[in-house]
Amino acid sequence: MKFIFLLTAILLIWWILKTLNRSRLADRKPRIRNMLPCAHCGLHIPEDEAIMRHGKSYCCRKHAEKDNP
Ligand SMILES: [Zn+2]
């Protein structure tokens with residue numbers, strides 16, 4: 001009987017930790033990311049994913065190289 005109680009307690013703690021982690025991740029998601037247009041094709045990409053070349057932003061390395069040979 002003790003074993004079942006212990007197992008339930010462990011599962012409950014595990015579930016609480018999982019829920020807390022999930023809500024912490026959910027809090028991070030709605031952060032608005034600054035979008036930058038690609039100077040070659042005009043596609044908008046998040047600032048942290050954009051490739052910067054000569055003060056211009058590009059969606060991929062291919063487009064950055066096409067504009068700056
Ligand atoms: Zn592009």
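## The zinc site

What is the geometry of the site of the zinc ion, judging by the angles among its four donor atoms? The site is tetrahedral, with angles of 97 to 124 degrees. For comparison, the ideal angle for four tetrahedral donors is 109.5 degrees. Keep in mind as you look around that this is a predicted model.

So who holds the zinc ion? Three cysteines and a histidine do the job: Cys38, Cys41 and Cys59 each use their SG atom, while His63 uses ND1. These atoms sit at 1.9 to 2.4 Å from the metal. Read along the sequence, the donor residues follow the spacing C-x2-C-x17-C-x3-H. Cysteine 38 and cysteine 59 are 21 residues apart, and the pair links distant parts of the chain. You'll find cysteine 38 in the loop between β1 (35-37) and β2 (44-46), and cysteine 59 in the loop between β4 (56-58) and α2 (61-67).

## Buried or not?

Now check how much of each donor is on show. Cysteine 38 has a relative accessible area of 4%, so it counts as buried, the cut-off being under 20%. Cysteine 59 is buried too. Cysteine 41 comes out at 43%, which means it is partly exposed.

Histidine 63 is found in helix α2. Its relative accessibility is 16%, so histidine 63 is buried as well. Leaving aside residues up to four places away in sequence, histidine 63 touches Cys38, His40, Cys41 and Tyr58. Two of those names, Cys38 and Cys41, should ring a bell from the zinc ion's donor list.

With cysteines about, you might go hunting for disulfides. A disulfide is a covalent bond between the sulfur atoms of two cysteines. A search of the whole structure turns up zero of them.

## The whole protein

Step back and you can pick out two helices and four strands. Starting at the N terminus, the order is α-β-β-β-β-α. Of the 69 residues in the protein, 14% are buried. The protein exposes about 6300 Å², and carbon and sulfur atoms supply 64% of that area. Among contacts with a separation of 6 or more, 8% are between residues 24 or more positions apart.

## How far to trust it

The average pLDDT of the protein is 88, and 90% of the residues score at least 70. Among the elements, β4 has the highest mean, 96, while helix α1 (residues 2-28) has the lowest, 85. Where pLDDT is low, the predicted coordinates should not be read in detail.

Key
Residues numbered from 1 in each chain as written. Predicted model: local features only at pLDDT ≥ 70, side-chain atom pairs only at ≥ 80, totals over all residues. Heavy atoms only, no water. Donors = N, O, S within 2.8 Å, 3.2 Å for Na, K, Ca; no water. Tetrahedral: all angles 85-135°; square planar, octahedral: opposite > 155°, others 65-115°. Buried < 20%, exposed > 50% of the residue type's maximum accessible area, 1.4 Å probe, protein only. Disulfide = S-S within 2.5 Å. pLDDT = per-residue confidence, 0-100. Contact = heavy atoms within 4.5 Å. Areas by Shrake-Rupley, 256 points an atom, 1.4 Å probe, with all protein chains shown as cover.
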